[in-house]
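Q: Hey, I'm new to this one. Can you walk me through a few spots?

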Amino acid sequence: MNKEQIIVNAAQMRDIEARIFAAGMPVAALMEKVAGLISNRLNNIIPKGQTIGILAGPGHNGGDALVVARELHFQGYQVWIYQPFPKLKKLTDQHLKYAQSLGIPCYQELAELPNCDFLVDGLFGFGLEREITGNIAEAINHFNDRNKPIFSIDLPSGLHTDTGEVLGTAIKANHTLCLGLWKQGLLQEQAVEYTGKVELIDFDIPLADIHGVLGAVPKIKRITKTTIFNTLPLPLHPTTHKYKSGHLLLICGSTRYAGGAILTGLGARGSGVGMLSIAVPESIKPLLVSHLPEALIIGCPETETGAIYDLQLPPKTALNSFNAIAFGPGLTIDAMPIFEQVVNSESPLILDADGLNILAQLGTISTLQKRQYPTILTPHAGEFHRLFPDIDLKNRVQAVQTAASQTGAVVLLKGARTAISNPEGVVWVNSESTPALARGGSGDVLTGLMGGILAQVANKKVNVENVVATAAWWHSQAGILAAKERTELGVDAFTLTQYLMKVLVDKLLCT
């Protein structure tokens, strides 16, 4: 297991550290090692000669910060320390006294603080659970208002390690240097505006200690390139042909939302799926043909409102013959008559958009508990609430685990930190995204892309949640790449589809 994939909560991190210390690693030695790695990273980012303010707390996170202050002082930076706590842990107190002996200025009052170019936040580490109040809350708000770049050690002070909840107030970091293993709270959506850019500082935790606490296969993981390499059918077999590269059926679109069908189809095209069939209302069939000439466009009888009311597939073609089916984008809920037919099929099924709206009306849990074949739900927060009104979204990881357990489906909860769970509680979190994807049609592209990947690997031994994770990563990386080239305002859903293959080349094949 790659350490970049592993995500822990506060209790698990505490247990892992306890194993390290019980094995003989001195706390002081580990602090020196960690602080040295942080100092080296800051030295690579912050120009020499700059003034750095160090915010030191009473615990070992504050001790890390004080060792960083000492090392940066030795490296030629102008350093001062803010340490407002009356009582410190013994090791932290020793480092404070040594820093003072070196002539590093130390302050306890905000009014005394000199100017600086950068701040390093070491007020509180992982495991904080109480709300920050009083003079410390005032200090945090003061540093946020200073508008100076802030580097937080492990996680921004004031964030709950597991939920990412703001405990009264919190440091708004520009850069977070997460220590050892990824903390769950850093990958929760409510923490995004506080963490800035997050990177892992690996201080060589033995895998035996990680497995001793988390087991051989950790349940909560971060999506990385390793996930993608292990999922995508690359390289293709030299004798493959279109019928061996997956056949996907998209059921989407209406006269009101024809664009949803087009964007879903373009997302599927970007996946490289061998065969693509798209069932749409008869009246918009010519429009789909013009945009996706390689696809088989199936015109279906429609209601007076322009929605599909009868799924008429080509002769000798059954729903069960498709490697995967995606149902929902642009359909409108007037397509409800065909929903039962699709849900009763034996093919892997993705439900999105109006597929989810119909499911919510019929009863999410009761409907899906009857289904015996792989099912994927892809709601945003509003759709999730309609599907699962009794599940609190405060902790998104726990929310998707509960939803997946109740339905037997793989659930993808969209957002700045997309979370995916299978029914057994295995979770993937996508830690990278861009607000450029917050535009109509982006989700349709994801559904098509996901359906195409699923169809290609349907007959291989690939976990469904890995397919969903791969699609989420690929989709978000396309948005990130497009935003770099076109700015965040320049990434409409159609443009996004043009970057899908570019991501595959730039991020995977050329690295």
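A: Sure, let's start with two helices: α3 (residues 60-74) and α4 (residues 90-101) pack at an angle of about 25°, their axes 8 Å apart. Helices here are DSSP runs of H or I with at least four residues, strands are E runs of at least two, and both are numbered from the N terminus. Axes are lines fitted to C-alpha atoms over the stretch in contact, with angles from 0 to 180 degrees between N-to-C directions.

Q: What does that make α3 relative to α4?
A: Roughly parallel; the label covers angles under 35 degrees.

Q: Which residues meet there?
A: From α3, they include H60, L66 and F74, and from α4, L91 and Y98 are among them. Contact means heavy atoms within 4.5 Å.

Q: Is this a predicted model or an experimental one?
A: Predicted: local features need pLDDT of at least 70, side-chain atom pairs count only at pLDDT 80 or more, and totals for chains, interfaces and linings use all residues. Residues are numbered from 1 along each chain as its sequence is written, and side-chain values use heavy atoms, leaving out hydrogens and water.

Q: New topic: is Q184 buried or exposed?
A: Buried, at 7% relative accessible area. Buried means under 20%, exposed over 50%, partly exposed in between (1.4 Å probe, protein chains only).

Q: What does Q184 touch?
A: Not counting residues up to four places away in sequence, its contacts include I7, D162 and N395.

Q: And where is K316?
A: In the loop between β13 (296-300) and β14 (324-327). K316 is exposed, at 91%, and its phi is near 60°, a positive value in a residue other than glycine.

Conventions:
Parallel < 35°, antiparallel > 145°, perpendicular 65-115°, else oblique.
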